[in-house]
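Q: I'm new to this structure and would like a close look at a single part of it. Could you pick one stretch and walk me through it slowly?

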Amino acid sequence: MRKSNYKNSGVKELLTERYANDTILLIATSNNNVPSVRSVDSFYYEDSFWIVTDTRCNYVKEIQENQKVMISDGGHNRFWCNAFVTGHPLNPNNESIREIFMKVFHNWYKEVNNEDLESVCYVKATPYKGYVHKEKIGYQFDISEDLVDTDNISHHIDVKLEPIW
């Protein structure tokens with residue numbers, strides 16, 4: 001097992017490489033200590049996973065009550081995150097990230113999201129620790145501790161769910 005700091009480990013670049021495009025991920029939330037998992041279209045940008053959704057969804061309500069979530073790609077890669085609702089896409093604070101949403105989700109964003117609805121929102125989930133692997137090397141990281149443990153792995157299951165469009 002090798003140890004390094006997060007900044008020089010290559011994990012950030014690996015997350016960007018793997019998740020910068022339209023990717024179907026799983027998000028786990030909890031309500032009264034009862035976990036729930038849903039699949040969401042997401043992408044990774046500037047150290048966070050981003051989701052466009054609706055404030056009326058149960059998982060959004062659960063995030064507003066408990067910001068601790070887990071994101072996974074359905075394989076071995078998993079990320080413990082702090083999540084919060086950044087507001088409506090047309091809010092001035094979301095102007096620059098909305099441009100990224102429009103590029104990443106260019107095939108469907110306008111067809112699926114009615115921004116005339118006040119309930120449409122963005123969710124930002126920022127990992128604070130996690131595990132990701134590539135080419136039979138596993139990276140277990142803790143950003144708050146600035147620590148990454150890397151190790152060779154004997155199993156290698158790459159699951160990446162991508163939209164068909």
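**The loops around β3**

A: Let's take the loops around β3, starting with N33, which sits in the loop between β2 (23-31) and β3. Keep in mind that this is a predicted model. The phi of N33 is near 65 degrees, a positive value in a residue other than glycine. N33 counts as exposed because its relative accessibility is 75%, and the cut-off for exposed is over 50%.

Now move along to the loop between β3 and β4, where you'll find E46. E46 isn't a glycine either, yet its phi is positive, at about 45 degrees. With a relative accessibility of 59%, E46 counts as exposed.

D47 lies in that loop between β3 and β4 too, and here a partner comes in. D47 makes a salt bridge with K12, and their closest N and O atoms are 3.3 Å apart. K12 belongs to helix α2 (residues 11-19), so the pair ties together parts that are 35 residues apart in sequence. Both ends are partly exposed: D47 has 31% relative accessibility, and K12 has a relative accessible area of 35%. As for the idea behind such a link, side chains of opposite charge can pair when their charged atoms come close.

Following the chain on from the loop brings us to β4 (48-54). D54 meets R56 in another salt bridge, at 2.9 Å from N to O. The two ends are set differently: D54 is buried, with a relative accessible area of 12%, while R56 counts as exposed at 53% relative accessibility.

What do the strands on either side of the E46 loop cover? Both β3 (34-45) and β4 are among the elements that cover the buried residues of α4, and α5 (109-112) and β7 (120-134) are included as well. Helix α4 covers residues 95-104, and its buried residues are I97, I100, F101, M102 and V104.

Helix α4 also carries R98, which forms a salt bridge with E115, the closest N and O atoms being 2.8 Å apart. E115 lies in the loop between α5 and β7, so this pair ties together parts that are 17 residues apart in sequence. E115 counts as buried at 12% relative accessibility, whereas R98 is partly exposed, with a relative accessible area of 24%. To put these pairs in context, a search of the whole structure finds six salt bridges, including D47 with K12, R56 with D54 and E115 with R98.

Methods. Residues are numbered from 1 along each chain as its sequence is written. This is a predicted model: local features need pLDDT of at least 70, side-chain atom pairs count only at pLDDT 80 or more; totals for chains, interfaces and linings use all residues. Side-chain values use heavy atoms; hydrogens and water are left out. Buried means under 20% relative accessible area, exposed over 50%, partly exposed in between (1.4 Å probe, protein chains only). Helices (H or I, at least four residues) and strands (E, at least two) are DSSP runs, numbered from the N terminus. Contact means heavy atoms within 4.5 Å. A salt bridge is a side-chain nitrogen of Lys or Arg within 4 Å of a carboxyl oxygen of Asp or Glu.
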